[in-house]
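Visitor: Could you walk me through this structure and show me how each label is earned?
Guide: Gladly; let's look at it together.

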Amino acid sequence: MTSPTAVSVFDGHNDTLLRLKLSDYPAPEEQFLNGDAAGHIDLPRARKGGLAGGLCAIYVPSPRGFDANGDFIAPAQPDALATTLGMASLLFRIEAASHGAVKVCRSASDIRGAMDRGAFASVLHIEGVEAFDAELDALHVLHQAGLRTLGPVWSRPNIFAHGVPFRFPSTPDIGPGLTEAGARLVKTCNALKVLVDLSHMNEQGFWDIAKISDAPLVASHSNAHALCNHSRNLTDRQLDAIRDTGGLAGVNFGVLFMRQDGVKNADTDLGELVRHVDYMVERMGIDHVAFGSDFDGTTIPAAMRDVADLQLLVDALRDAGYDQASLEKICHGNWVRVLEATWGA
C-alpha cells in the first residue's frame, strides 16, 4: 500500500525551454506559468507532481535527420548562439513574469531557498555547446548570466568532442573523445565551477574528462547499460567512476533507455524505471543515484503521463522498499549535494 506523502523532486534534465521555444505561443512564458496542458511540464503540473525544480536545458536542434546508423547527418544550426541566447532569455523572462514563483538558481543555497519557499528552482543548463567557439567567450558571458551546468556535446560531434550516437544494441565506445578545445573547455568549467555533464558523451570522451576534471563526475540523464544496452547508457565501469568521485547519475525516464529490447514503446511499466534505480543503487550506493527525467525530450511510460504523475514513481520506489531518507536522497538530496560540491555553497 502506497503512502500519500509526497517527496519533493529536483530533477536533472528537462527540455521544456525547447518545447516552449518551438511552440506558436505569443507569450510562452505565460503558457509555462499558467499551464498549457502540452508536453510534460508547466508550473501548475509541476506543483501537482511535486517537481520543485531542476536543470532546464538549452538544446539547438539539428537541421537534418539520422543516417542509416542512427547518427546525425549534420551538426547544429549555424545560428546556434542566437538560438541559445533566445532560450536563456526565455528562462529569464519566465522568472521575471513569475513574481517569485520561479527562481533561476546560481548556488546550492539558492536551490534550497527556492524549495523552502515553494518556488520552482531552475538551473540554466546547455546540452551541446555548439554556441561556443574555441575561445570560450560565450561561456564566460553566459556564466555571468547564470549558466552553471553544461554538457559539451549532444549526440553529434562539435569542435569539443564527439557525442555518442543513438544505437541499440551498442556499447558507448563509439568514436574519439575530447579535442584540444574540449580539454580547454573542461578545465575552464572547473575553474568557473560549472558542472560538466557526461550524458551524451561517448565512452572515450567520458574517460578523457574523468582524467582531467577535478569535479565530481555527473551524467544527468543516463541509465544502466547492463540492463539496457543502448549506446546512451552507462557501463558498470562508468558507474563505478562516477561513484568514486562522489558524483551521481540521473535515471532517465525515456522508455528506449530502460527497456531490455530498446523499443520506444510508451506501454512500459514503471517497474522498468525501478529496475534501473535498484541496479544503480546496488552498484553505486544510495548517495549517487538521482532523477534525470528528460521530460519534454523523450517518450516516457504512459502510466506517468506527465510531471503531474511524478509521485507515482516515488510511490513505486517506496513500494519497492526505499525508506523516506533514501527517497529524499534520490528525489532531491543527491542533486543538491553534488551541485554544492561542484559550485561551492
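**How the labels are earned**

Guide: Strand 5 (residues 147–151) is mostly covered, with 5 of its 5 residues buried. This is a predicted model, where local features need pLDDT of at least 70, side-chain atom pairs count only at pLDDT 80 or more, and totals for chains, interfaces and linings use all residues. Residues are numbered from 1 along each chain as its sequence is written, and side-chain values use heavy atoms, with hydrogens and water left out.

Visitor: What makes a residue of strand 5 "buried"?
Guide: Buried means under 20% relative accessible area (exposed is over 50%, partly exposed in between; 1.4 Å probe, protein chains only). In strand 5, 5 of 5 residues meet that.

Visitor: How do you know that strand 4 and strand 5 pair?
Guide: Two strands pair if DSSP finds at least two bridges between them. Here 4 bridges join strand 4 to strand 5, so they pair, and they run parallel. One of the bridges has Ile126 with Leu150 of strand 5 as its partner.

Visitor: Why is helix 4 called a helix?
Guide: Helices (H or I, at least four residues) and strands (E, at least two) are DSSP runs, numbered from the N terminus. Helix 4 (residues 80–97) has 18 residues, so it passes the length cut-off.

Visitor: How do you know that the span of helix 4 agrees with what is expected?
Guide: The expected span is 1.5 Å times one less than the number of residues. For helix 4 that gives 26 Å, and its end C-alpha atoms are 26 Å apart, which agrees.

Visitor: Which elements do the buried residues of helix 4 pack against?
Guide: Contact means heavy atoms within 4.5 Å. The partners include helix 1 (16–22), strand 2 (51–58) and helix 6 (137–145). Among the buried residues of helix 4 are Leu90, Leu91 and Ile94.

Visitor: What makes a space inside the structure a "cavity"?
Guide: On a 1 Å grid over the protein atoms alone, a cavity is a set of points where a 1.4 Å probe fits but cannot get out. The search finds 3 cavities of 30 Å³ or more, and the largest has a volume of about 90 Å³.

Visitor: Which residues line the largest cavity?
Guide: Lining residues have an atom within 4 Å of a point. Among them are Leu17, Leu91, Ile94 and Phe120. Helix 1 gives the most, with 3 residues.

Notes
On a 1 Å grid over the protein atoms alone, a cavity is a set of points where a 1.4 Å probe fits but cannot get out, and a pocket is an open set with protein on both sides within 12 Å along at least five of seven lines; lining residues have an atom within 4 Å of a point. Grid points are joined across faces, edges and corners, and a volume is the space filled by probe spheres set on the points.
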